[in-house]
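Reader: Could you take me through the salt bridges in this one, slowly? I'd like to know which side chains pair up and where they sit, and then how that fits into the rest of the chain.

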Amino acid sequence: MSIMEDLMWRGAINQQTDAQGLEDLVARQSIKLYCGVDPTGDSMHIGHLIPFMVLKRFQLAGHQPVVVIGGATGSIGDPSGRSSERVLQSMETVEENARKLTAQMEHLFLEGEESAHSFQIINNYDWLSQFSLLDFLRDYGKHFNLNTMLAKDIVASRLENGISFTEFSYQILQSIDFLHLYQDRQVQLQVGGGDQWGNITSGLDFIRRIEGPEAQVFGLTIPLMLKSDGTKFGKSAGGETVWLDPEKTTPYEFYQFWLNQADADVVKYLKYFTFLSKEEIEGLQKEVEDQPHLRNAQKRLAEEVTRFVHSQEALDNAIAITQALFTGQVKDLTVEQIEEGFAHMPQAQAGSEDQDLVIWLVETGIVKSRREAREFIQNGAILINEEKITDLDYQIGAKDAIGKRYIIVRRGKKQYTLVALEA
């Protein structure tokens with residue numbers, strides 16, 4: 001199966017400027033292709049990951065991806081998908097965000113010595129910052145027709161509420177990027193989200209205006225990712241954004257997000273977010289149909305994506321935390337695993353000296369009153385490190401701490417609190 005056939009089978013293509021021309025080109029030779037990301041934040045989330053999965057597939061098929069960090073374009077803001085003006089960030093913030101996004105991209109694309117030769121990451125500030133306003137207007141702005149720009153969806157959708165010249169000019173800057181990459185690095189294909197179609201086609205038109213109509217350049221966009229219920233993809237069950245940065249979304253939380261996907265969505269996500277073969281995915285699809293209770297497809301999805309985005313070690317920790325919480329063997333967890341697994345759960349502090357459990361539960365904020373504490377204990381609804389405590393006179397303290405540091409309290413079925421003992 002060719003790379004283009006594979007992308008079609010995975011449902012990873014929304015629009016193409018010249019499908020046959022691109023298929024013929026990639027069949028003949030290795031090409032360079034690019035996708036950009038603006039450093040408007042200090043981490044990508046899983047929604048951002050989708051077009052870069054396409055770049056990774058091209059890389060694995062022997063082509064050469066180029067990632068453009070938008071140090072210049074990110075400083076003014078892309079109007080795509082927005083109904084109002086973006087609040088501009090300081091250049092210091094943009095530069096710091098660019099540094100963090102660069103590290104994320106290097107992790108995704110630089111695996112092994114071979115990939116180091118087939119991948120480039122660059123910052124468009126390096127060339128867009130080099131020309132003056134007069135250069136911009138004379139050498140570039142002259143080639144863009146105002147009526148054509150206004151007709152692009154990314155601009156037309158903003159006209160009712162208004163759009164500044166700053167964001168209006170984004171289309172030109174992205175076109176300059178594509179021209180620069182074509183001339184300087186022989187990049188022939190730009191990949192982006194569906195909202196980038198107008199920017200991409202502007203870039204193609206610009207290149208052909210400068211280089212001639214015979215210039216072999218192409219554009220490809222990915223579909224909008226929606227869940228089977230029609231809601232937007234990329235949020236956890238609690239409505240939280242799922243980030244690639246392990247400090248924002250821990251690998252355990254990341255793993256759990258994929259593990260909890262619905263049967264109706266899991267095969268689609270296996271196609272989009274893993275590098276499993278058609279045969280492997282079809283096998284997992286059959287398991288979803290015949291043995292959905294085993295959730296083997298979800299487990300494989302969670303394993304593949306967590307390993308790719310984080311590491312095998314991070315995946316091993318996520319599985320260990322999951323199994324410990326499922327079996328109740330939390331005492332087997334390391335301090336580091338506890339910190340990861342409970343990073344965004346309620347937390348409290350307590351002294352290390354022994355204390356009546358009833359009083360301790362109130363002082364840590366786990367219950368509201370001593371009466372409530374006694375009721376929970378008597379009803380068997382308080383678990384200390386997953387062990388049920390029904391003794392009203394129980395003394396809790398340092399002896400209960402895992403790694404001499406943490407006590408995990410569960411009230412009822414799902415209300416966890418991580419209590420850290422003061423040194």
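Author: Let's start with what counts: a salt bridge here is a side-chain nitrogen of Lys or Arg within 4 Å of a carboxyl oxygen of Asp or Glu. Going by that cut-off, the count is 16 salt bridges. Keep in mind that this is a predicted model. As for the general idea, side chains of opposite charge can pair when their charged atoms come close.

Take Lys248 and Asp42 to begin with. Their side chains meet in a salt bridge, at 3.3 Å from N to O. This pair links distant parts of the chain, with the two positions 206 residues apart. Lys248 is in the loop between strand E6 (218-222) and helix H13 (251-259), while Asp42 is in the loop between strand E2 (32-37) and helix H3 (46-60). Buried or exposed? Neither, quite: Lys248 has 32% relative accessibility, so it counts as partly exposed, and Asp42, at 23%, counts as partly exposed too.

Now for Glu386 and Arg410. They form a salt bridge whose closest N and O atoms are 3.0 Å apart. Glu386 lies in the loop between strand E9 (382-384) and strand E10 (387-388), and Arg410 lies in strand E12 (residues 406-411), so the pair ties together parts that are 24 residues apart in sequence. Both Glu386 and Arg410 are buried.

Then there's Asp400 with Lys399, another pair of side chains meeting in a salt bridge, at 3.2 Å from N to O. Asp400 counts as buried because its relative accessibility is 11%. Lys399, at 56%, counts as exposed. Some bridges also share partners: Asp42, Glu96, Arg99, Lys100 and Lys248 are joined that way into one network, so you meet the Lys248 and Asp42 pair again there.

From Lys248, you can follow the chain to helix H13, since the loop holding Lys248 runs between E6 and H13. Two packed helices are described by the angle between their axes and the distance between the axes. For H13 and helix H16 (residues 296-309), the axes come within 8 Å and cross at roughly 145°. The crossing is right-handed. On the H13 side, Pro251, Phe254, Tyr255, Trp258 and Leu259 make the contacts; they meet Gln298, Lys299, Leu301, Ala302, Glu303, Val305, Thr306 and Val309 in H16.

Back to strand E12, where Arg410 sits. Have a look at Thr417 in strand E13 (residues 415-421). Thr417 is buried, with a relative accessible area of 11%. Setting aside neighbours within four places in sequence, Thr417 is in contact with Pro346, Gln347, Ala348, Ile366, Ile407, Ile408 and Val409.

The surface has a nonpolar spot worth finding as well. Leu146, Leu150 and Leu159 form a nonpolar patch there, with about 260 Å² of accessible area together. Leu146 belongs to helix H8 (residues 146-151).

Zooming out, the protein chain has 20 helices and 13 strands, and its C-alpha atoms fill a box of roughly 85 × 50 × 45 Å along the principal axes. Buried residues make up 50% of the 423 residues. Among contacts between residues at least 6 apart in sequence, 72% join residues at least 24 apart. The chain exposes about 20400 Å², with carbon and sulfur atoms supplying 48% of that.

Key:
Residues are numbered from 1 along each chain as its sequence is written. This is a predicted model: local features need pLDDT of at least 70, side-chain atom pairs count only at pLDDT 80 or more; totals for chains, interfaces and linings use all residues. Side-chain values use heavy atoms; hydrogens and water are left out. Helices (H or I, at least four residues) and strands (E, at least two) are DSSP runs, numbered from the N terminus. Buried means under 20% relative accessible area, exposed over 50%, partly exposed in between (1.4 Å probe, protein chains only). Patches are made of residues with over 30% relative accessible area and no salt bridge: like charges are joined within 9 Å, nonpolar side chains (Val, Leu, Ile, Met, Phe, Trp, Tyr) within 5 Å. Accessible areas come from the Shrake-Rupley method with a 1.4 Å probe; for residues, only the protein chains shown count as cover. Axes are lines fitted to C-alpha atoms, for helices over the stretch in contact, and angles run from 0 to 180 degrees between N-to-C directions. A crossing is left-handed if the near helix is turned anticlockwise from the far one by less than a right angle, and right-handed if clockwise. Contact means heavy atoms within 4.5 Å.
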